[in-house]
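Colleague: I have a new model to look at, and I am still learning how to read one. Could you take me through it?

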Amino acid sequence: MMGAVWSLLGILSGAFIAVQAPINSQLARGLGLPVAAAAFSFLSGAIVLGIIAVAVVKLQGLSLDWKAPAPWLFVAGGMLGGFYVTLSTILTPRIGAAALMAFLVAGQLLAGMLIDRAGFLGVAVREISLGRVAGAVLLLAGALLIRLY
């Protein structure tokens with residue numbers, strides 16, 4: 001039962017990403033600068049998540065261990081997210097939301113396969129199999145078909 005719930009939440013997250021790209025592109029058109037739209041998108045998200053984090057910490061009586069993570073982890077995810085949001089903002093009006101989402105998923109899959117293979121940051125090691133390569137090639141082919149036709 002929970003597996004189905006997690007899968008549906010994953011689909012919902014993907015839908016949010018698809019909706020976020022044209023919203024940020026429209027914001028960029030209004031502001032006149034894609035990187036400004038990305039910055040305001042991140043700022044609003046940071047404020048909302050900060051409020052939620054403080055509420056969860058207080059409600060559950062938790063305390064955060066700010067010394068535990070490596071310092072670079074505090075900026076790496078945000079930096080990568082900043083590139084993603086900025087590029088999505090720029091690319092959506094140029095190639096369309098469907099093509100962008102297809103290429104994003106293809107890029108995520110290819111990077112995910114390399115991350116799995118290397119066991120990057122403690123991820124369980126999984127070999128790159130013929131089935132995984134075939135799936136990646138088919139996904140890339142699908143992305144190209146969506147973009148070109």
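Modeller: Let us begin with a term. The axis of a helix is a line fitted to the C-alpha atoms over the stretch in contact, and the angle between two axes runs from 0 to 180 degrees between N-to-C directions. Please keep in mind that this is a predicted model.

Colleague: Let us use that term, then. At what angle do α3 and α4 pack, and how far apart are their axes?

Modeller: The angle between α3 and α4 is about 135°, and their axes are 8 Å apart. Angles over 145 degrees count as roughly antiparallel and 65 to 115 as roughly perpendicular, with oblique for what is neither these nor roughly parallel. The pair α3 and α4 is therefore oblique.

Colleague: Which residues meet there?

Modeller: From α3 come Tyr84, Ser88, Leu91, Thr92 and Ile95, and they meet Ala97, Ala99, Leu100, Phe103 and Leu104 of α4. Sorted by class, this contact of α3 with α4 has eight nonpolar residues, two polar ones and no charged ones.

Colleague: Let me step back. How many helices and strands does the chain have?

Modeller: The chain has five helices and zero strands. Read from the N terminus, the order of elements is α-α-α-α-α.

Colleague: And what are the dimensions of the C-alpha trace along its principal axes?

Modeller: The C-alpha trace spans about 50 × 45 × 35 Å along those axes. The chain has 149 residues, of which 18% are buried. Among contacts with a separation of 6 or more, 59% join residues 24 or more positions apart.

Colleague: Does a record say anything about parts of this chain? Which residues does UniProt list as "transmembrane region"?

Modeller: The unreviewed UniProt entry lists residues 36–57, 69–91, 97–116 and 128–148 under that name. In the model, residues 69–91 are 83% helix and 0% strand, and the end C-alpha atoms of this span lie 33 Å apart. Residues 97–116 are 100% helix and 0% strand, with end C-alpha atoms 28 Å apart.

Colleague: Now to α1. What is its packing angle with α2?

Modeller: Helix α1, residues 2–31, packs against helix α2, residues 34–60, at an angle of about 125°, and the axes are 8 Å apart. That angle makes α1 oblique to α2. The crossing of α1 past α2 is right-handed.

Colleague: What makes up that contact, by residue and by class?

Modeller: On the α1 side are Gln20, Asn24, Leu27, Ala28 and Leu31, and on the α2 side are Pro34, Ala36, Ala37, Phe40 and Ser41. The contact of α1 with α2 has seven nonpolar, three polar and no charged residues.

Colleague: I see Asn24 in that list. Is Asn24 buried or exposed?

Modeller: Buried means under 20% relative accessible area. Asn24 has a relative accessible area of 5%, so Asn24 is buried. Leaving out residues up to four places away in sequence, Asn24 touches Ala37, Ser41, Val85 and Thr89.

Colleague: How does α1 pack with α4?

Modeller: Helix α1 and helix α4, residues 97–118, pack at about 130° with axes 10 Å apart. They are therefore oblique to each other, and α1 passes α4 in a right-handed crossing. Ile17, Ala18 and Ala21 of α1 make the contact with Leu100, Met101 and Leu104 of α4. This contact of α1 with α4 holds six nonpolar residues, with no polar and no charged ones.

Colleague: A change of topic: what is unusual about the phi of Leu121?

Modeller: Most residues other than glycine have a negative phi. Leu121 is not a glycine, yet its phi is positive, about 55°. Leu121 lies in the loop between α4 and α5.

Colleague: Is Leu121 buried or exposed?

Modeller: Exposed means over 50% relative accessible area. Leu121 has a relative accessible area of 56%, so Leu121 is exposed.

Colleague: What about Leu80 and Leu148, buried or exposed?

Modeller: Leu80, in helix α3, is exposed, with a relative accessible area of 55%. Leu148, in helix α5, is exposed, with a relative accessible area of 58%.

Colleague: One last point. How far is the C-alpha atom of Leu80 from that of Leu8?

Modeller: The two C-alpha atoms are separated by 25 Å, and Leu80 and Leu8 are 72 residues apart along the chain. For Leu148 and Ala28, 120 residues apart along the chain, the C-alpha separation is 25 Å.

Conventions:
Residues are numbered from 1 along each chain as its sequence is written. This is a predicted model: local features need pLDDT of at least 70, side-chain atom pairs count only at pLDDT 80 or more; totals for chains, interfaces and linings use all residues. Side-chain values use heavy atoms; hydrogens and water are left out. Helices (H or I, at least four residues) and strands (E, at least two) are DSSP runs, numbered from the N terminus. Angles under 35 degrees count as roughly parallel, over 145 as roughly antiparallel, 65 to 115 as roughly perpendicular and the rest as oblique. A crossing is left-handed if the near helix is turned anticlockwise from the far one by less than a right angle, and right-handed if clockwise. Contact means heavy atoms within 4.5 Å. Ala, Val, Leu, Ile, Met, Phe, Trp, Tyr, Cys and Pro count as nonpolar, Asp, Glu, Lys and Arg as charged, and the others, Gly among them, as polar. Buried means under 20% relative accessible area, exposed over 50%, partly exposed in between (1.4 Å probe, protein chains only). UniProt positions are given in the numbering used here, feature names are shortened, and annotations may be inferred rather than shown by experiment.
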